[in-house]
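Student: Could you take me on a close look at one part of this structure, the nonpolar core and what surrounds it? I would like to see how the pieces connect.

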Amino acid sequence: MTKVTLTVNGRTMSGECEDRTLLVHFIREKLGLTGTHVGCDTTQCGACVIHMDGHSVKSCSILAVQASGSTITTIEGLAGQGELHPVQAAFKEHHGLQCGFCTPGMVMTAVDLIGREGGKLTEETVRAGLEGNICRCTGYHNIVKAILAADAEMAGGRQAAE
Amino acid sequence: MGVEGIGARVTRKEDKRFLTGKGRYTDDMTVPGMKYAYFVRSPYGHAKIRNIDATAAKAMPGVIDVLDGKQLQADGIGNLICGWMIHSKDGTPMKMGAWRPLAVDTVRYVGDAIAIVVADSSGEARDAAEAVVIDYEQLPAVTEAVAALASGAPQIHPEAPGNLIFDWQIGEPDAVDKAIASAAHVTEIEIHNNRLSPNPMEPRATLGIYDTAEDHYTCYTTSQNPHVARLVMSAFYNVAPENKLRVIAPDVGGGFGSKIYIYPEEIICLWASKKTGVPVKWTSDRTEAFLTDAHGRDHVSKVKMAFDANNRITALKVDTIANLGAYMSLFSSAVPTYLYATLLSGQYDIPAIHANVRTVYTNTVPVDAYRGAGRPEATYLLERTMEAAARELGVSPAELRKTNFIRSFPHQTPVIMNYDAGDYEASLNAAMQAADWAGFAARRSQSEARGKKRGIGMSCYIEACGIAPSAAVGSLGAGVGLWESAEVRVNAVGTIEVLTGSHSHGQGHETTFAQLVAGRLGVPIESINIVHGDTDKVQMGMGTYGSRSGAVGMSAIVKALDKVEAKAKKIAAHLMEASEEDIVIENGELKVAGTDKAVPWFQVALASYTAHNLPSGMEPGLKETAFYDPSNFTFPAGCYIAEVEIDPDTGETDIVQFVAADDFGNIINPMIVEGQVHGGIAQGVGQALLENVQYDANGQLLTASYMDYAMPRADDLPSFSLSHQNTPCPSNPLGIKGCGEAGAIGSPPALINAITDAIGHDRLTMPATPMKVWQALHAAH
């Protein structure tokens, strides 16, 4: 067993785990943050996407011990208590989720995508950007719509701030 | 239409918890002392088990116990059942082979469970499972249904000689043969419907908790119908009597049919919890999901469609072989019979139909209902046949369909169904207009100029939903009734809980069901909670599948609301000294019509609970229950059009546009309905272009991960164009038809018809992968 210490959603958290423990299992089982999901065994589905040191990462593709010392944001920490991040709000407004299982990973991927290519996203680039996230319920139609809407709103916000 | 009532695009009440990571799915549940299970599964498609040696496994770190099928049998746990009896045309009952939750002497598919390991961690359970030594005698396997029927094929169950489960028919063979013999034209085609894995994003999971002190079991499970699970586990599997078994299906991450069934794992984890004295949780990984979640479709059919000289269909003859896998899953027998052949009339007035269906055991995962369940198979068969016929007859696909549409209702088909309402031409016209069908020739020329092949295809589907009158399904062999229950509980301050036997696993019932109540009573939607998925809270229910929750589940709520309103009106009339008949409910008040007298809803609720001033003889409280049994199926229908562009160098198909025009009857929340259609179309596109379950000859599953099974991704799909041409359903109080499955039913034939239009012949099977399309293009030259 190895001790792993992370800064998760702004708080320092520690836990003991086996060396083989994946980061996603550490987050879910040791830290009790069950918003990050596991939908496959082959890093294909993206239900486990989190942000690690500012970048989106599939938390099933990294060992917890590798992540030790890093700064993690999970879906639970994306917005303040009781609030919604603009991407979360757009998913609700545009019905970008149904069963909710892929949703945390979709939202974390979308936030990262907007962070990287914000203001110039198109339907095509959003669809390409979601290549690593599988949704079985929505047909992606409303997810794409929600991300484009969030991008426009966040770009508007950035412009207003400038 | 209120802002929160029926017809409003209300955003979903359930979204906030899903968007903030606060959803509670089965694998999120932990209880003190909980341990983890891992299943030892057959690596062979077909084998005898000579010996199981768990000695080394039991000595591994963290292992609590390893349990096998002999122990399960010794404790009296029953075999899995199929809940729909079908008789062959010779009158003999279907030949069901024994399905033991844990295999004892024979394994029949890769993934067949043999033993359960319970350990401190999931990793330790998995390690120990690898140390269980099983001595197998490998047997020859067969995975294709046609091959399984051939003489000399490996025999899978002693109960089913020749692997034939039943040989069933519907319709009139003599009338059909006569019509074919005298037809002006007969179109013949062979249709393959590929095998799919449903793949809800949440893998199945279960947590079994045995309470020694109370001799009581709790089962958390990823179920679409927790009450049916409890019923079956009590009545057939002898897990525990119903009053000693609580089944909870909390947030469930998609189902699409695959979470209807009661699988071995739920039963075994409950039993193992008692055996080991600890709560036992099992969570499927994705490969296990491919290996054990019931698959869908897998039909091979021969079709003959006869026409008279005016291009009117005179008869349809269908001979289908359906692969049911290694065991008969819970509703497997109903899917290729009453959910399939009864829809073979489609939207067309066909005087004579005959369908023969043989179902077959193979060494593959059991096959059962997957989104659409039988109706996609019927629609794909009919609509590809119509397309082929139109080409042979030299008429446009729209013209051939219009010539044959049913135009008056009710319409009795030759295959049981009595269609109650519809306007098929309205959907066809709307779809053609939205797709600019008239402009296709010009677009095709432009594609040709760029060296591309362009095609357009349509499909006119009908389905039967809201399954269905209990007496009717009972007479056809169903082991259960298919009504739904609802309880409307008005609290003393006027807030409302609605308990429903329907189960939401993505459909948004917490919103649509609340909209119904908000609209009726004029109270805020926030004051209404929808409670479902727990057998301790909801008395009984049949769950969610077959697009039945609106038509059946909400109709039950209507009936309960009728009773609540009737009592509330009595109380209000008493309080205002008015006549009960004059009371109307509006905007959260009970008013005396035509006066300014009113009492707020909450005051009536409070009066019912204080009981200080109630009409003489009235019981206190405001809570009513209703059961609703539908009087007919509902018949959603529509027209889908796909337009594709194919790169002849690579065979790659680009969906240029996809248009859906649906008739769902009345709609509660258009936003949610559109979402259902989007998702259904995506699954249909998946079936048509990408998805295929593939076995090798020994029964090894070659497509057991997302590396090998092509799920539709965002960049495989276009945005969709939707419209509705609704004719209200006369068979239920809300006029709802159901929308959950339409997309998956209507889309595959539209796409394949578009591709075959582009390549110039119809020798193409699903999934139309680039390789197959490229080969088909070259075969044409």
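Tutor: Happy to: we will start with the chain as a whole, move into the core, and then visit a few spots around it. Please keep in mind that this is a predicted model.

Let's set the scene with chain B. Chain B holds 20 helices and 28 strands. Its radius of gyration is 27 Å, close to the 28 Å that the globule rule gives for 781 residues, so chain B is as compact as a globular protein of that length. Along the principal axes, its C-alpha trace spans about 85 × 70 × 55 Å. Of the 781 residues in chain B, 59% are buried. If you take the contacts in chain B with a separation of 6 or more, 80% are between residues 24 or more positions apart.

Now for the core itself. In soluble globular proteins, nonpolar side chains tend to be buried together. Here the largest nonpolar core has 306 residues, and the members that touch the most others are Ala37(B), Ala115(B) and Val117(B). Helix H16 (residues 549-576) of chain B gives this core its largest share, eleven residues.

Let's zoom in on Val117(B). Not counting residues up to four places away in sequence, Val117(B) touches a set of residues that includes Ala37(B), Tyr38(B), Val40(B), Ala57(B) and Val63(B). Val66(B), Ala125(B), Ala128(B) and Ala129(B) are also among the residues that Val117(B) touches.

Next comes Val118(B), which sits in strand S5 (residues 113-119) of chain B. Val118(B) counts as buried because 27 other C-beta atoms lie within 10 Å, and the cut-off for buried is 20 or more. Leaving aside neighbours within four places in sequence, the contacts of Val118(B) include Ala37(B) and Ala125(B), and also Lys35(B), Ile64(B) and Asp65(B). Others among them are Ala272(B), Thr276(B) and Val280(B). For a sense of scale, the C-alpha atoms of Val118(B) and Tyr424(B) are separated by 56 Å, with their positions 306 residues apart along the chain.

Let's go back to helix H16 of chain B, where you will find Lys569(B). Lys569(B) is buried because it has 20 other C-beta atoms within 10 Å. Leaving aside neighbours within four places in sequence, Lys569(B) is in contact with Glu580(B), Ile583(B) and Leu590(B). From Lys569(B) to Val584(B) there are 15 residues in sequence and 7.6 Å in space, C-alpha to C-alpha.

Two other buried residues are worth a stop for their backbone. Most residues other than glycine have a negative phi, and most peptide bonds are trans. Arg297(B) has a positive phi of about 65° although it is not a glycine, and Asp298(B) has a positive phi of about 75°. Arg297(B) lies in strand S13 (residues 296-307) of chain B, and Asp298(B) has its place in S13 of chain B too. Arg297(B) is buried, with 26 other C-beta atoms within 10 Å, and Asp298(B) counts as buried with 26 C-beta neighbours inside 10 Å.

Finally, look at two cis peptide bonds. One runs from Phe409(B) to Pro410(B), with omega near 0°, and Pro410(B) lies in the loop between helix H11 (397-404) and strand S16 (411-412) of chain B. Another joins Met766(B) and Pro767(B), with omega about -5°. Pro767(B) lies in the loop between helix H19 (742-759) and helix H20 (770-780) of chain B.

Conventions: Residues numbered from 1 in each chain as written. Chains lettered and ligands numbered in written order. Helix = DSSP H or I, 4+ residues; strand = E, 2+ residues; numbered from the N terminus. Rg over C-alpha atoms; globule rule 2.2 N^0.38 Å. Buried ≥ 20, exposed ≤ 12 C-beta atoms within 10 Å, placed from the backbone. Contact = placed C-beta atoms within 7 Å. Core = buried A, V, L, I, M, F, W, Y, C linked by C-beta atoms within 7 Å.
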